[in-house]
Amino acid sequence: LTMEMVRKKKKDLLRQELVGLIEVIEPRFGLEEIGGLEPIKGYFSQIVKAIHAGDDKLVPRGITMMGPPGVGKTALAEALARDIGFNFVKLLNPRTKWVGESERNFFKALQSLRTLTPLVVVEDEADQSEHGRDEYSGDTGVSNRLRQMRFEFTGDPAIRGKVLWIRITNRPDRLDQADLRSGRSSERIPFFMPDFTEKRHIFQVVARRSQIACDCEDFADITAYLEARHPEIITGADIEELVFRAHRQARVAGRDQARPEDFRQVIDDFLPPHQTEVLRHMERLALNQCSSRRFVPERVWSRAGGGEAAEAVWV
């Protein structure tokens, strides 16, 4: 009997007991297998080193990831959990229509999280899980009670360095301001659309980690063709989809390797599923709540002229 066997059995039991409340996930990739996002990956690498060194004071109490969908927020949280060696748990919405049951579900989930420590907890679509305390909710105070339970859990000094709580949202303007204050959310990290270098890196990383053979040197030509054909916004999730489409096209043609012409054909055929102005608005919202300039690429500042002028335009 090994400790790994005990941990696996514990996770299996919790999966059965907490169906619909939490989802225990086995992280597939580490930080090195995520394309782009270098400043954020650098910060997460510092967290990994701090936890491995046992220096709890360098571990944030909580992190809020903000930005448009498809830019790698959830994937990065998963990669962080893998590199740290922590369990990775996605917290699901505990709400039900029955009086008092939402609170009981959430209490049960939080107590179960303690048995899974050390772990990374991801609360996806955090803006939809609770209403702000200044908003009319019509839920007879359920949101406020759930929020208070979460505050008590994350504020417990006994779990510092053992539980890293990450909230993910496309709309940080809908979060309660108490969630965004320093200390409760140690870092508020904005995510933006990838530039040319990041797109090329995402092509390379997706092909490598998915073990898709590609007859392309460094994807520079493919990335240039993508930007020429789709000058509007393209996310990392879009690029991942293009790699798989090119692979499928090559296999249909009876080849094991995807060639540049396969990528060009799928790029010509691809229709992005989003509106540019909507994603730009989400970028602006993320920037407005950002806690550190180091997470903001230079191109974002220069887009509006840089410095205070940029801040004024974004706001």
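Is R229 buried, partly exposed or exposed? With a relative accessibility of 45%, R229 counts as partly exposed, where buried means under 20% relative accessible area, exposed means over 50%, and partly exposed lies in between (1.4 Å probe, protein chains only). The model is a predicted one, in which local features need a pLDDT of at least 70 and side-chain atom pairs count only at pLDDT 80 or more, while totals for chains, interfaces and linings use all residues. Residues are numbered from 1 along each chain as its sequence is written, and side-chain values use heavy atoms, with hydrogens and water left out.

R229 takes part in a salt bridge with D268, in which the closest N and O atoms are 2.8 Å apart; a salt bridge is here a side-chain nitrogen of Lys or Arg within 4 Å of a carboxyl oxygen of Asp or Glu. Because R229 lies in helix α9 (residues 220-229) and D268 in helix α11 (residues 260-269), the pair ties together parts that are 39 residues apart in sequence. Helices (H or I, at least four residues) and strands (E, at least two) are taken as DSSP runs and are numbered from the N terminus. The partner, D268, is partly exposed as well, at 36% relative accessibility.

Across the whole structure, the search finds 23 salt bridges. In general, side chains of opposite charge can pair when their charged atoms come close. One of these pairs is formed by R299 and D195, whose closest N and O atoms are 3.3 Å apart. The R299 and D195 pair links distant parts of the chain, 104 residues apart, since R299 belongs to helix α13 (residues 298-302), whereas D195 is placed in the loop between β6 (187-190) and α8 (196-209). R299 is partly exposed at 23% relative accessibility, and D195 is partly exposed at 26%. A further salt bridge joins the side chains of R259 and E261, with an N to O distance of 3.8 Å. In that pair, R259 is partly exposed, at 36% relative accessibility, and E261 is partly exposed, with a relative accessible area of 30%. In addition, salt bridges that share partners join E123, R150, R167 and D179 into one network.

Turning to the cysteines, the structure holds 0 disulfides, a disulfide being a pair of cysteine sulfur atoms within 2.5 Å. For C214, the closest cysteine sulfur is that of C216, at 5.5 Å, which is too far for a bond. Both residues are removed from the surface by the cut-off used here, as C214 counts as buried at 17% relative accessibility and C216 is buried with a relative accessible area of 17%.Open and enclosed spaces were located on a 1 Å grid over the protein atoms alone, where a cavity is a set of points at which a 1.4 Å probe fits but cannot get out, a pocket is an open set with protein on both sides within 12 Å along at least five of seven lines, and lining residues have an atom within 4 Å of a point. Grid points are joined across faces, edges and corners, and a volume is the space filled by probe spheres set on the points. The largest pocket holds about 520 Å³ of space. It is lined by 29 residues, of which G70, V71, G72, K73 and A75 are the closest to its centre. Two or more residues of this lining come from each of α3 (73-84), β5 (163-169), α8 and α10 (236-252).

The whole structure also contains 2 cavities of 30 Å³ or more, and the largest cavity has about 90 Å³ of space. R61, G62, I63, T64, R150, T154, W165, R167, D179, R184 and S185 line the largest cavity. The elements that give two or more residues to this lining are β2 (62-66), α6 (142-154) and β5, with the largest share, 3 residues, coming from β2.

With regard to the backbone, L37 is not a glycine but has a positive phi of about 60 degrees. L37 is situated in the loop between β1 (22-25) and α2 (38-53) and is buried, at 11% relative accessibility. Q211, also a residue other than glycine, has a positive phi near 55 degrees. Q211 lies in the loop between α8 and α9 and, at 74% relative accessibility, counts as exposed.
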